[in-house]
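This report is written for a reader who is meeting the structure below for the first time. Please keep the sequence and the model in view while reading the sections that follow.

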Amino acid sequence: MRVLCIETTCDETAAAVVNDRLEVLASVVASQDALHQRFGGVVPEIASRAHVERILPVLDETLRRAGLGLGDLDAVAVANRPGLAGSLLVGLAAAKALCVAAGLPLVAINHLQAHVYACRIAAKEEVFPCVGLIVSGGHTSLYRCLGPTDFELLGATIDDAAGEAFDKVAGMLGLGYPGGPAIQRAAEAGNPSAYSLPRALLNHPRLDFSFSGLKTAVRYLIAGPGRVRFEEIRLPPQQVADLAASFQEAVVDCLVGKSMQALEQTGLRTLCVGGGVAANARLRQRLAQETQGRGIRLFIAPPALCTDNAVMGAIAIERVKAGLFEPLDIDVFPGGRADGQ
Ligand code: KG4
Ligand code: ZN
């Protein structure tokens, strides 16, 4: 069985062909980072227009690399929730058109469930039930994952997502966009204890996160209160490195601490981590340290499967096997959660 998966939830135009052994026959990701760079974040209208320009070449290239035609496929799958409305619509329209043209069934993917499923694909073994930490540019949440598509919310950020905080702080430090990889690079030369920064809710039993106070604390360290033009501020390189390292450590402390708390509270012994921030080297290192010796199985996909991609759309295979197809009039759900709410 072969499925063509399409991903356009945010600012990557991606497609992949996977089979029911979870093997990747082709994968293409067209990044829009360069288009959004000067705005320091994703501009929804620019993202949807870029998806329109890229979706057909990306689909052509994916099928070419797989050496397949539409007639060789068994289904078309597309992430239709959650994400930016205009971006989601481009992928969904393309998927529907392919289904009509080739007489194929349509499968809908929940993008957040797919981020956790990336761990299952990379693991090549069963990972459910598990605690799922989804940590990306738009989401930071913990779920009890009973199966690939059976999630219960444990907690989530009450303000900014962790990736959003990385992007904003990188902007203040003049490190560019996307902020996560830039902060990680800058932090290599920095001292993570140089600045004492808040770890909100870390010692609270609720499984929620808050990163806006941390972001503000970094802002005050750089520029103090009041209106400021960050592009005019030139900090010494060592201070930038120390701020990046201290900020990264604070975010990692919260993500690791809450994941451990979720494992304790649920009694689950497996942790799967997905989403763009799961590509962070320091987070991966700290999670490995904390889970080792406690008998916790840790699964994090390779970095290229943490940031948005279509390979994780292989979660659709689960629905194809169960015959769970969608009518061609389905819509997008920009605000959806991983538990279907
Ligand atoms: O999952 P993703 O590609 O898109 C969303 O669904 O949001 O996540 C993108 C986010 C961005 O905020 C980016 O800065 C962050 O993931 N990110 C990282 C790293 N690589 C990407 N954050 C920290 N360290 C990284 N190495
Ligand atoms: Zn994502």
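## A salt bridge within one helix

In this predicted model, Glu61 and Arg64 form a salt bridge in which the closest N and O atoms are 2.9 Å apart. Both residues belong to helix 2, which covers residues 44-66, and because they are three residues apart there, about one helical turn separates them.

The two partners can also be described by how much of their area is accessible. Glu61 has a relative accessibility of 22% and therefore counts as partly exposed, whereas Arg64 is exposed, its relative accessible area being 57%.

## A salt bridge between distant parts of the chain

Another salt bridge joins Asp160 and Lys215, with the closest N and O atoms 2.6 Å apart. This pair links distant parts of the chain, since Asp160 lies in the loop between strand 8 (150-156) and helix 5 (162-172), while Lys215 lies in helix 7 (residues 212-223), 55 residues apart from it.

Are these two charged residues buried or exposed? Asp160 is buried, with a relative accessible area of 9%, and Lys215, at 17%, is buried as well; the cut-off behind both statements is that buried means under 20% relative accessible area.

## Further salt bridges and a network

Glu232 and Arg229 form a salt bridge whose closest N and O atoms are 2.8 Å apart, and Glu232 is exposed, with a relative accessible area of 57%.

Elsewhere, salt bridges are linked into a network, and its members are Arg199, Glu249, Asp253, Arg282 and Arg286. The count for the model comes to 18 salt bridges. As a general background to such pairs, side chains of opposite charge can pair when their charged atoms come close.

## The zinc site

Which protein residues act as donors to the zinc ion (ligand 2)? They are His111 and His115, each through its NE2 atom, together with Asp308 through OD, and these donors lie 2.0 to 2.2 Å from the ion. Along the sequence, the donor residues follow the spacing H-x3-H-x192-D. His115 lies in helix 4 (residues 111-123) and Asp308 in the loop between helix 10 (303-306) and helix 11 (316-321), so this pair ties together parts that are 193 residues apart in sequence.

With regard to accessibility, His115 counts as buried at 1% relative accessibility, and Asp308 counts as buried at 15%.

Methods:
Residues numbered from 1 in each chain as written. Chains lettered and ligands numbered in written order. Predicted model: local features only at pLDDT ≥ 70, side-chain atom pairs only at ≥ 80, totals over all residues. Heavy atoms only, no water. Donors = N, O, S within 2.8 Å, 3.2 Å for Na, K, Ca; no water. Helix = DSSP H or I, 4+ residues; strand = E, 2+ residues; numbered from the N terminus. Buried < 20%, exposed > 50% of the residue type's maximum accessible area, 1.4 Å probe, protein only. Salt bridge = Lys/Arg side-chain N within 4 Å of Asp/Glu carboxyl O.
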